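Please look over the model shown here. A short report on its fold, its helix packing and its cores is wanted.

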Amino acid sequence: MRPKPRKAKKSPISLDQSATRAQPSSSSSRPPVVSHRVTQSTIARFHTLLKQQARLKRKLECHGVHDGEREVQSVHSSLLAVEREMQQLGGLHAYQLASKLGQSRERGGDSSKILLGWLEEMGVRSTATGAGAKLRMLEIGALTPLNYASCSKWIENHPIDLNSQHPDIVQQDFFERPLPPGSTEAFDIISCSLVLNFVSTPTERGT
Ligand SMILES: C[S@@+](CC[C@H](N)C(=O)[O-])C[C@H]1O[C@@H](n2cnc3c(N)ncnc32)[C@H](O)[C@@H]1O
């Protein structure tokens with residue numbers, strides 16, 4: 001019998017140059033074209049690795065005297081392997097790039113469309129514009145500061161992100177953000193779209 005050909009081990013897909021298709025020169029300002037499969041698998045793999053990283057870190061924090069040196073060592077090595085794979089994928093930057101490509105116009109746009117639709121349906125927009133008031137919004141996990149730019153007459157947006165991609169996005173961890181000191185600084189709207197997948201513990205996800 002002929003031996004079965006061995007399956008090649010899959011290596012992590014990274015969002016490097018090889019994953020992007022060249023654009024014609026007339027469209028050089030457009031984002032690079034990356035297949036939906038590549039962006040989806042980068043995002044999904046990143047979420048899995050974040051959860052593994054958090055679980056291993058918790059294990060290390062909580063290890064007791066009964067845990068042998070060998071066990072602790074093995075958790076350390078697993079953590080290193082997880083972090084190495086995150087780096088190979090391109091780190092948080094690649095994750096954000098994949099998310100940005102996922103919200104391109106060709107793929108249905110970003111989630112502000114949905115939120116604005118809800119605000120319209122609920123009559124929030126007409127009430128605000130009728131009163132000439134601006135609603136204060138906190139956008140958590142903003143990849144661009146422009147998602148609500150077209151509504152600047154009635155929404156005053158404050159975008160934040162763990163890893164800001166633009167000077168108008170405040171680099172901040174939501175969990176470290178101080179509470180608003182008074183009602184004037186409080187927010188009328190909080191957008192937290194596609195951020196919870198990133199948050200690794202159920203307690204922090206509020207579940
Ligand atoms: C999938 S992207 C979100 C995309 C965008 N909000 C949308 O709806 O398409 C998730 C973003 O959340 C950010 N993020 C995750 N945890 C965060 C936290 N604790 N505070 C601020 N930003 C956070 C990440 O850095 C990442 O840029």
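The report below goes from the whole chain to single residues.

## Overall layout

This is a predicted model. The protein chain has 6 helices and 6 strands. Read from the N terminus, the order of elements is β-β-α-α-α-α-α-β-β-β-β-α.

The chain holds 207 residues, and buried ones make up 33% of them. The protein chain exposes about 14,200 Å². Carbon and sulfur atoms supply 54% of that area. Among contacts with a separation of 6 or more, 59% join residues 24 or more positions apart.

## Packing of α1 and α2

The axes of α1 and α2 come within 9 Å. They cross at roughly 155 degrees. Angles over 145 degrees count as roughly antiparallel, so α1 and α2 are roughly antiparallel to each other. The crossing of α1 past α2 is left-handed.

From α1, the residues making the contact include Phe 46, Leu 49, Leu 50, Leu 56 and Leu 60. Polar and charged names also appear on the α1 list, among them Arg 45, Gln 52, Gln 53, Lys 57 and Lys 59. On the α2 side, the contact includes Val 72, Val 75, Leu 79, Val 82, Met 86 and Leu 89. His 76, Ser 78, Glu 83 and Glu 85 of α2 take part as well.

## Two nonpolar cores

Which members of the largest nonpolar core touch the most other members? They are Phe 46 and Met 86, in a core of 15 residues. Three helices each supply at least two residues of this core: α1 (36–62), α2 (69–89) and α3 (91–102). Another core lies apart from it, with 11 residues. Leu 115, Leu 119, Trp 154 and Ile 189 are among its members. In soluble globular proteins, nonpolar side chains tend to be buried together.

Met 86 deserves a look of its own. Neighbours within four places in sequence aside, Met 86 is in contact with Phe 46, Leu 49, Leu 50, Gln 53 and Gly 91. Phe 46 and Met 86 thus appear both in the core and in the contact between α1 and α2.

## Glu 156 in β4

Glu 156 is found in strand β4, residues 155–161. Is Glu 156 buried, partly exposed or exposed? Its relative accessible area is 31%. Buried means under 20% and exposed over 50%, so Glu 156 is partly exposed.

Its contacts, leaving aside neighbours within four places in sequence, are Lys 134, Leu 135, Arg 136 and Met 137. Phe 187 is 31 residues from Glu 156 along the chain. The C-alpha atoms of Glu 156 and Phe 187 are separated by 9.6 Å.

Conventions
Residues numbered from 1 in each chain as written. Predicted model: local features only at pLDDT ≥ 70, side-chain atom pairs only at ≥ 80, totals over all residues. Heavy atoms only, no water. Core = buried A, V, L, I, M, F, W, Y, C linked by side-chain atoms within 4.5 Å. Buried < 20%, exposed > 50% of the residue type's maximum accessible area, 1.4 Å probe, protein only. Helix = DSSP H or I, 4+ residues; strand = E, 2+ residues; numbered from the N terminus. Contact = heavy atoms within 4.5 Å. Areas by Shrake-Rupley, 256 points an atom, 1.4 Å probe, with all protein chains shown as cover. Axes fitted to C-alpha atoms, helices over the stretch in contact; angles between N-to-C directions. Parallel < 35°, antiparallel > 145°, perpendicular 65-115°, else oblique. Left-handed = near helix turned anticlockwise from the far one by under 90°.
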